[in-house]
Each structure stands twice: as structure tokens, then as C-alpha cells.
Amino acid sequence: MFQSREAAGRILAEKVLAAEPENPLVLALGPAGVPVAAPVARALGCPLDPIFVKGIEAPGTPALAVGVVVDGAAREVLFEADSLAAAGLSQADCAAGVEACLAETAAARCRLLGGRAPQRVSGRTAILVADGLATGASARAALRALHNRGPLEIWLAVPVGPQEVVWKMRGMTDRLIFLEAPRDFRGAAAHYTDFAPVGDDEAVRLLDELLARR
């Protein structure tokens, strides 16, 4: 059991620091990833930037995701060809959904960072940090987008996730760092004493504290 996201992040930070990443940049997967990522960035003395992933809903079928939008210095739209085909849709059919997702991720970034521009990934060791994996879909989307942004290397660092999902991430990363990968995974919350939702105010406080330290 981890006492909190920050406590898990401190343990994770020791393992990441020991691996000695070159020119690191830490990327927190959504606001919930910020408390885990902050100790990692603090230990490395590097910037921390959130990265937001939003699913694109099929028109008329909100329960069906046909792709994702990943924000950053170069925002990307990643469609799932199989899902589009199954729904009988083209990418053009989803234009309104894409615009809505872009607006939502832009608003989320503005709430956390104000007018600060996203960090550039090119030439850096991009270290994606999440508070845990479930299906791994958001992490996979973020990793796919990062591959297109010219990083030196891509690392994934997570406290916990189901064994089968964690191992599947190996082919998408240059280094995979995790603390627990149980076979009988029952959700990330089961591995934390405190897994309360992370509000924007908490994420902003941690991001501002790191910026002041640097």
C-alpha cells in the first residue's frame, strides 16, 4: 500500500534518479499524475509538464471512442482505424468531436498552467508518469504521441498496474520503471491509503512550487 500519490512518487523518484536519464523532462498524465510526478521532477531537477489525453467519441454513440487527442507543443489527433471502420465512420465525420476535445484539453492546460507554453520534448528523455494503469489506453496514446515529437528516449514510470498491461508497455518505451504489477489487479485505488481525486488547485500548487524551485 502507498500512503498517497506523493508517497508513491517519492519511491518512484529514487528508481528513476538511479537510472540517470539524460536531459530529462517529466510529463504527468493528467492532473492525477501531477502528485506522483512532482517528486520525480524534484529529484531530477527538471521541468514537469502535464500531458492531457481525451477520447474522441463517435457521433451519435458517445460510449464508443474512435481515437484520442493528445495535447502538447504539437497537439495530435490519433484515430483508431478499426473503431472507425466498425462504426462506419471517416475521420471527417468526427471533426466536431475532435474540435471539442482540442478545446477541452486546451482549457485543462490553461487551468493548470495559465499562459505557460508546453515544454518541448525534442532532444530530451521524456518520462511519462501516471498514478497507475488500468487498461493502459491513455498511457499508450500519450506514448504514441511522444514518439512523434523527437525525444531522445521515452520512459514510462508508474507505481502500479496490472501485470499484463505493464508488460505490454515494454515495446513502447526505452525504459519501464514500476513498483508493483500484481496479477490480481483490482484497480489503482486498492493500492493507496489515500486515493482522493486530485483537484486543479492541488495540481496548480505542485506545479507552481516546482517552477519556483527552478
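These legends accompany close-up views of a predicted model.

**Figure 1. The span that a UniProt record names as a domain.** For "domain: Phosphoribosyltransferase", an unreviewed UniProt entry lists residues 7-161. In the predicted model, the end C-alpha atoms of this span lie 16 Å apart. Helix makes up 41% of residues 7-161, and strand makes up 28%.

**Figure 2. Leu27 and its surroundings.** Leu27 is found in strand E1, which covers residues 24-29. Is Leu27 buried or exposed? Its relative accessible area is 3%, so Leu27 counts as buried. Leaving out residues up to four places away in sequence, Leu27 touches Leu48, Asp49, Ile51, Ala126, Ile127, Leu128, Val129 and Leu146. Pro47 makes a useful reference point for this view. Leu27 and Pro47 are 20 residues apart in sequence. Their C-alpha atoms are 8.5 Å apart in space.

**Figure 3. The largest cavity, with Leu27 in its lining.** The count comes to one cavity of 30 Å³ or more. The largest cavity has a volume of about 50 Å³. Which residues line the largest cavity? They are Leu27, Asp49, Pro50, Ile51, Gly72, Ala73, Arg109, Pro118, Gln119, Val121, Leu146 and Arg149. Strand E2, residues 48-51, gives the most to this lining, with three residues. By class, the lining has seven nonpolar, two polar and three charged residues. Two of the lining residues, Asp49 and Ile51, also appear among the contacts of Leu27. Leu146 is likewise part of the lining and touches Leu27.

**Figure 4. The largest pocket.** The largest pocket has a volume of about 250 Å³. It is lined by 14 residues. Closest to the pocket centre are Val68, Glu80, Ala137, Ala141 and Arg144. Which elements give two or more residues to the lining of the largest pocket? They are strand E3 (53-58), strand E4 (61-70), helix H3 (81-87) and helix H5 (137-147). H5 gives the most, with five residues. The lining divides into six nonpolar, four polar and four charged residues.

**Figure 5. Two positive phi values in the loop between H1 and E1.** Most residues other than glycine have a negative phi. Glu20 has a positive phi, near 55°. Asn23 is not a glycine either, and its phi is positive at about 45°. Glu20 lies in the loop between helix H1 (5-18) and E1. Asn23 has its place in the loop between H1 and E1. How do the two residues stand in terms of accessibility? Glu20 has a relative accessible area of 66%, so it counts as exposed. Asn23 has a relative accessible area of 39%, so it counts as partly exposed.

**Figure 6. Asp131 and its polar contact with Arg5.** Asp131 lies in the loop between strand E6 (125-129) and H5. Its relative accessibility is 11%, so Asp131 counts as buried. What joins the side chains of Asp131 and Arg5? A polar contact of 3.0 Å does. Asp131 also touches Ala32, Gly33, Val36, Pro159, Val160, Tyr192 and Phe195, with residues up to four places away in sequence not counted.

**Figure 7. Ala41 within helix H2.** Ala41 has its place in helix H2, residues 30-44. Relative accessibility here is 1%, so Ala41 counts as buried. Which residues does Ala41 touch, not counting residues up to four places away in sequence? They are Val26, Cys46, Pro47, Leu48 and Leu210. Val16 offers a distance for orientation. Ala41 and Val16 are 25 residues apart along the chain. Their C-alpha atoms are separated by 9.7 Å. Leu48 links this view with Figure 2: Leu48 touches Ala41, and Leu48 touches Leu27.

**Figure 8. Thr173, a buried loop residue.** Thr173 lies in the loop between helix H6 (163-168) and strand E8 (175-180). Why does Thr173 count as buried? Its relative accessible area is 13%, and buried means under 20%. The side chain of Thr173 reaches the backbone oxygen of Met169 at 3.3 Å. Leaving aside neighbours within four places in sequence, Thr173 is in contact with Leu143, Ile154 and Leu156.

Notes. Residues are numbered from 1 along each chain as its sequence is written. This is a predicted model: local features need pLDDT of at least 70, side-chain atom pairs count only at pLDDT 80 or more; totals for chains, interfaces and linings use all residues. Side-chain values use heavy atoms; hydrogens and water are left out. Helices (H or I, at least four residues) and strands (E, at least two) are DSSP runs, numbered from the N terminus. Buried means under 20% relative accessible area, exposed over 50%, partly exposed in between (1.4 Å probe, protein chains only). Contact means heavy atoms within 4.5 Å. UniProt positions are given in the numbering used here, feature names are shortened, and annotations may be inferred rather than shown by experiment. A polar contact is a pair of N or O atoms within 3.5 Å; within protein, one must be able to donate a hydrogen and the other to accept it, and residues adjacent in sequence count only if both atoms are side-chain atoms. On a 1 Å grid over the protein atoms alone, a cavity is a set of points where a 1.4 Å probe fits but cannot get out, and a pocket is an open set with protein on both sides within 12 Å along at least five of seven lines; lining residues have an atom within 4 Å of a point. Grid points are joined across faces, edges and corners, and a volume is the space filled by probe spheres set on the points. Ala, Val, Leu, Ile, Met, Phe, Trp, Tyr, Cys and Pro count as nonpolar, Asp, Glu, Lys and Arg as charged, and the others, Gly among them, as polar.
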